[in-house]
Every structure is written in C-alpha cells, then in structure tokens.
Amino acid sequence: MPAERDEILTQKVQAVLDSDVRTREYGLKADVVDGRARITGIVDTLAEREQVSRIVSAIEGIRAVENGVAVSTDGAITDDDVAFEVGEELDAAGVNRRHVGVKSVKGVVFLQGRVDNAGEIERAKAAAARARGVKEVISQLKLRPPGGYDDESLEAIFHHQVNNDGEDEGEARIF
C-alpha cells in the first residue's frame, strides 16, 4: 500500500512540476518515497530553486521535500557578472544601493551594509536570489541604529568624525 501511495504522489508531484508555469520549462524530475519528495534537475536562479520547494511542499500528502535542484546558467558567468545582475535586481526591488553592497564568490552572494528596517533586508535577499548565477545569498546586512547619522550626508559624516562622536570620554586623545 505505501508503495502505491508513493507512486500516486510521484505522479501528482510530477504533473504539478510539468504544468506549473514557473517550473515546466526545466524538465524537473520527482520521486516520492515514504511521503518525502525528492526533486532533481537544473534551474536558472536560486529564487526558482526555492520556489520548487514551496510548490511541492504545498501538495497534499507530501511530508517533506528534498530539493536536489541545482542552479546553473547557460554559459560562463563570472562573479563580476553575478554582482552586476544582483545590483540590477536590488535596483528593481527598490533597495537603496547606497546602503547595500554586493560581493560574489563562486556564486555565493554576500550582501553588506546598513539598512533602515528588516523589510529592506528581506527585499534585498529576495532580489539577490532572482539574479542569474546566484547559488546562495548570505546577508551581512545590519540595521542602522535609531538616531544614527545619515551615511549619505558628507556633512554629517564630517561632523561626527571631527567631533569624535561615540568615543569614550576617558580615552586618550592626541592634541
């Protein structure tokens, strides 16, 4: 009985992957054992890979998803290319690029900088995942402290540096 149930679920998962507009062009393969779906194949972006897990886990009867889908592109893509595409996706998502920097190392993207709120961190991570060649997104973004000075204002930066804001009063100073 469990083998028959798994075969039915395999057919159901495969049918969903083959018909869903977000996954059908990739020719992904599904196999279900004990209610655990194993999905294999290749997609273009990390966001598409993550979407596969969401689609399959929503199918009734699936207890877990083992996502063996790889992220690959149709040609050579350098880390500079990846960083450039992530930047375009960040711009499209409305993420302030003056606050968020991007570094790519073998397709692993690091987001660095300070942002105003947690929503901007989530938008940046989701946008980076949509770029070609991204295999993983690691957020090193931090929230800007409330009442902190505006990093975009050279006048504010100069004021804080000249006045040594944030330094301990007891520290030795060079006069």
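The legends below describe an overview and several close-up views of a predicted model.

**Figure 1. Overall architecture of the predicted chain.**
The chain contains five helices and six strands, arranged along the sequence in the pattern α-β-β-α-β-α-β-β-α-β-α. Of its 175 residues, 33% count as buried. The accessible surface amounts to about 11000 Å², and carbon and sulfur atoms contribute 50% of that area. Among contacts with a separation of 6 or more, 60% are made by residues 24 or more positions apart.

**Figure 2. Confidence along the chain, expressed as pLDDT.**
The average pLDDT of the chain is 84, and 82% of the residues score at least 70. Among the elements, strand β1 (residues 29–33) has the highest mean pLDDT, 95, whereas helix α5 (residues 154–162) has the lowest, 58. Over residues 165–175 the pLDDT stays under 50, and the model has four contacts beyond four places in sequence for this stretch. Where pLDDT is low, predicted coordinates should not be read in detail.

**Figure 3. Pairing of strands β1, β2 and β3.**
Strands β1 and β2 run antiparallel and are joined by five bridges. Within this pair, Asp31 has Arg38 of β2 as its bridge partner. The two strands form a hairpin with two residues between them, and Asp34 in the turn adopts a positive phi of about 55 degrees. Strand β2 is also joined to β3, here by eight bridges and in parallel orientation. Thr40 has Gly68 of β3 as its bridge partner.

**Figure 4. The open sheet formed by β4, β5 and β6.**
The three strands lie in the order β4-β5-β6, with mixed pairing. Strands β4 (100–105) and β6 (136–143) stand at the edges and have a single partner strand each, so one side of each is left without a neighbour in the sheet. From one strand to the next, the twist averages 15 degrees. Strand β4 and strand β5 (residues 108–115) run antiparallel and are joined by six bridges. Gly101 stands opposite Gln112 in β5. Helix α4 (residues 118–129) lies across β5 and β6, and runs at about 160 degrees to β6.

**Figure 5. Helix α2 and the elements that cover its buried residues.**
Helix α2 (residues 46–57) comprises twelve residues. From first C-alpha to last, helix α2 reaches 17 Å, close to the 16 Å expected at 1.5 Å a residue. Buried positions in α2 are Leu46, Ala47, Gln51, Val52, Ile55 and Val56. An α-helix has 3.6 residues a turn, so residues three or four places apart point the same way. The cover over the buried residues of α2 includes two helices, α1 (2–19) and α4, together with strands β2 (36–43), β3 (64–71) and β6.

**Figure 6. The surroundings of Asp20.**
Asp20 is placed in the loop between α1 and β1. Is this residue buried or exposed? Asp20 counts as buried because its relative accessibility is 15%, which falls under the 20% cut-off. Asp20 and Val52 are 32 residues apart in sequence, and their C-alpha atoms lie 9.9 Å apart in space. Val52 is itself one of the buried residues of α2.

Definitions and conventions
Residues numbered from 1 in each chain as written. Predicted model: local features only at pLDDT ≥ 70, side-chain atom pairs only at ≥ 80, totals over all residues. Heavy atoms only, no water. Pairing = 2+ DSSP bridges. Helix = DSSP H or I, 4+ residues; strand = E, 2+ residues; numbered from the N terminus. Axes fitted to C-alpha atoms, helices over the stretch in contact; angles between N-to-C directions. Contact = heavy atoms within 4.5 Å. Expected span 1.5 Å × (residues − 1). Buried < 20%, exposed > 50% of the residue type's maximum accessible area, 1.4 Å probe, protein only. pLDDT = per-residue confidence, 0-100. Areas by Shrake-Rupley, 256 points an atom, 1.4 Å probe, with all protein chains shown as cover.
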